[in-house]
Amino acid sequence: MNSSDHYEALVSLFDKQLEFAQNLQRKIIPSPGSFVSDDYHFFSYLRPFRKVGGDFYDFHFLENGKISLLIADATGHGIDAAMITSMIKLSYSYTMKDPSINQSPSLILKQIESDICQQMDNTFFTAIALVLDPEAGVLYYANAGHPDAVLLRFNHQVELLKPNLPMLGLQQFMSTMHYFDMRISFTSGDKLLLFTDGLVDAKNPQEEEFTIERVVSVIKENADSPINLIGNHIIDACIEFKEDLAPSDDICVLGIEVDD
């Protein structure tokens, strides 16, 4: 086999591996239409930087009417990052079967972190886990080094759900780490937007970042719109901001609105 044939064989092998990873990632990411609730409206957008990426989200409906939601961002891009998201998916799915854990966002993140670090050293990722409780009109959350989520109140006031935990993967260096949940009201007319850093860190040709301030501005400008339109306005604003600059990171945006 000459060098040209060897190169073509390697390219073909890589393409097959990439196609396999792409098909796998498509299967582990839920379709927006699979989120059906009498209490909430849901929006999702996920665009990998390459054919596969490290951005991930998932949700589970719990037996007591509560809903668990997870958004995560693994470091890196491509097949390596996609492999980590597959592991996050498996760990999250198994964690949802444990009633002693699945009611607590911080314990969910702790378990996922533990599972992955047992298999792969020096694996780091950010994440936000939520547990929505429509009957009580509250949500519980834990933010592990992830960009602030934006909560738009029914009266157009904005609150930021800032990190209360460090990036996941640091547990091995912080054995005394205390995991705890944050609790806030989440009632009729409230809207929540979550996103990965590929959105806020997106740059235009002048090397300026899109920033969370611009995200908040778009949300405020469209405060009376339903969550799906707000989500689309955010994506459109980011694309317009970047002009013709090629993407440099995965982007995931999720939105949840309490049904009136």
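**Group meeting talk: one sheet, one pocket, one cavity**

Okay, let's start with the sheet: five strands make an open sheet in the order 1-10-9-6-7, and the pairing is antiparallel. Strand 1 (40-47) and strand 7 (158-161) sit at the edges with a single partner strand each, so one side of each has no neighbour in the sheet. Averaged over neighbouring strands of this sheet, the turn of one against the other is 15°, direction ignored.

Quick ground rules. This is a predicted model, where local features need pLDDT of at least 70 and side-chain atom pairs count only at pLDDT 80 or more, while totals for chains, interfaces and linings use all residues. Residues are numbered from 1 along each chain as its sequence is written, and side-chain values use heavy atoms, with hydrogens and water left out.

Some terms, too. Helices (H or I, at least four residues) and strands (E, at least two) are DSSP runs numbered from the N terminus, and two strands pair if DSSP finds at least two bridges between them. Angles run from 0 to 180 degrees between N-to-C directions, with axes fitted to C-alpha atoms, for helices over the stretch in contact.

Now, strand 9 (residues 191-195) and strand 10 (residues 251-258) run antiparallel and are joined by five bridges. Look for Lys191, which stands opposite Glu257 in strand 10. Packing on the sheet is helix 6 (residues 227-242), which touches strand 1, strand 6 (149-152), strand 9 and strand 10; contact means heavy atoms within 4.5 Å. The direction of helix 6 makes about 25° with that of strand 1.

Over to strands 6 and 7: they run antiparallel, with four bridges, and Val150 stands opposite Leu160 in strand 7. Strand 6 and strand 7 form a hairpin with five residues between them, and His156 in the turn has a positive phi of about 75°.

Last topic: empty space. On a 1 Å grid over the protein atoms alone, a cavity is a set of points where a 1.4 Å probe fits but cannot get out, and a pocket is an open set with protein on both sides within 12 Å along at least five of seven lines; lining residues have an atom within 4 Å of a point. Points join across faces, edges and corners, and a volume is the space filled by probe spheres set on them.

The largest pocket holds about 160 Å³, and its lining includes His60, Phe61 and Gln103. How many cavities of 30 Å³ or more are there? One. The largest cavity has a volume of about 50 Å³, with Glu113, Leu165 and Tyr179 among its lining residues.
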